[in-house]
Amino acid sequence: MFRQLIGAAIFGAAALTIPHAAGAADYNWTFQTSETAGEPGFVNKQKWAESVKTLSGGRIEIEVLPIGAVVPHTDTLEAVGSGILQGHLTDPSYFAGKDPAFAMMGNLVGAWSDPFELLGFMKSGGGNELYSELVEPYGVHFIGAAATEPEAFVSAKPIRTVEDLKGIKLRAPEGMVYEIFAKAGASPVVLPGSEVFTALDKGVVDAADYTVFATNQAQGMNDIAHYPLYPGFHSLPLIDISMNKEIWDGLPDDLKAILNASVDQFTFNHIYSVRKLDAEAVKQAKQNEDIEIINWSPEERAKFRRIAQQEWQVWAKKNDMTQRYYDAVIKYLEGRNLL
């Protein structure tokens, strides 16, 4: 069904594409991402910008910049609203300090085991509407949501069950992720991503919530932490694709339709390109006899989700938006028999 929706959206956008005379574009924008240059996610976002140029017949040109290129990753929301940036492609969790709803919407830990579950909620469970309402006061228009594969888990010790998390020193970001792992019995440590490899190598931490399997493998994480958990059981971040609302409001309808369709196209391409990279990385890792890839059973995944749900309830009480988001997610998960 999701493939059909994407196909229809892309076909519709292609029909709207209008040949454009050679020369300068009508719109030149800068979007900042939350990845470093060269990461698979960054490369795919550059391809998205190229597709927008193609679909718009050259009328829109977007320069995609890596994390921190113009402003810190935590400041892109205000930068987009003020026009310093024209847009961003990022994880909403970075804005949790502005409103706890960003943490819940950015990465509801333990909720989703497949990106299409999350995207289904965003499109048909009220997620898009709630997120649009959240960002609009910042002068930002939410074009659409994307997602990636569930993040793998890096570990230097075998973690086969929830019980095995007890006492494990693990790197986790502040906020909901940190609290959930603490409730599961682990000893979370806040570290920037740039310090994860060294911390694992020196035994400062035993494990790390980091990123997808392919990136972990490429960076040598699995070579020093021999017990990766895959597929991931905990983290599946949302990708927010938004732009300055004033600019959006001034666009002709055909370009709005093209941008909307381009997000669906990007989502499909991004998920399956990362899925392919993960499969190749898993095959490579299995050639190393020292690496054991651990896949949690459905029962253990369910145990972790029940722990996570306790923290969801805590965060739901933080304000009206967090409660509304929590209620919408629970209704969607129950309706899909995913709880």
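**Exercise 1. Determine the strand order of the open sheet and identify its edge strands.**

*Solution.* In this predicted model, an open sheet of five strands follows the order 2-1-3-9-4, and its pairing is mixed. Strand 2 and strand 4 (140-147) pair on one side only, and these are the edge strands. From one strand to the next, the twist averages 20°.

**Exercise 2. Describe how strand 1 is joined to strand 2 and strand 3.**

*Solution.* Step 1: strands of a sheet pair through backbone hydrogen bonds, either parallel or antiparallel. Step 2: strand 1 and strand 2 (residues 60-65) run parallel and are joined by six bridges. Asparagine 28 stands opposite glutamate 61 of strand 2, and tryptophan 29 has isoleucine 62 as its bridge partner. Step 3: strand 1 also runs parallel to strand 3 (residues 87-90), through three bridges. Here phenylalanine 31 stands opposite glycine 87.

**Exercise 3. Explain why strand 1 is described as largely enclosed.**

*Solution.* Step 1: a residue counts as buried under 20% relative accessible area. Step 2: five of the seven residues of strand 1 (residues 27-33) are buried, so the rest of the structure largely encloses this strand. Step 3: among the elements lying across strand 1 are helix 2 and helix 12 (residues 253-286). Helix 2 (residues 40-55) also forms a right-handed β-α-β unit with strand 1 and strand 2.

**Exercise 4. Test whether the span of helix 13 agrees with its number of residues.**

*Solution.* Step 1: helix 13 (residues 298-316) has 19 residues, and at 1.5 Å a residue the helix should span 27 Å. Step 2: the end C-alpha atoms are 26 Å apart, which agrees with the expected span.

Notes
Residues are numbered from 1 along each chain as its sequence is written. This is a predicted model: local features need pLDDT of at least 70, side-chain atom pairs count only at pLDDT 80 or more; totals for chains, interfaces and linings use all residues. Side-chain values use heavy atoms; hydrogens and water are left out. Buried means under 20% relative accessible area, exposed over 50%, partly exposed in between (1.4 Å probe, protein chains only). Helices (H or I, at least four residues) and strands (E, at least two) are DSSP runs, numbered from the N terminus. Two strands pair if DSSP finds at least two bridges between them. A crossover is right-handed if, with the strands pointing away from the viewer, the path from the first strand over the helix to the second runs clockwise. The expected span of a helix is 1.5 Å times one less than its number of residues. Axes are lines fitted to C-alpha atoms, for helices over the stretch in contact, and angles run from 0 to 180 degrees between N-to-C directions. Contact means heavy atoms within 4.5 Å.
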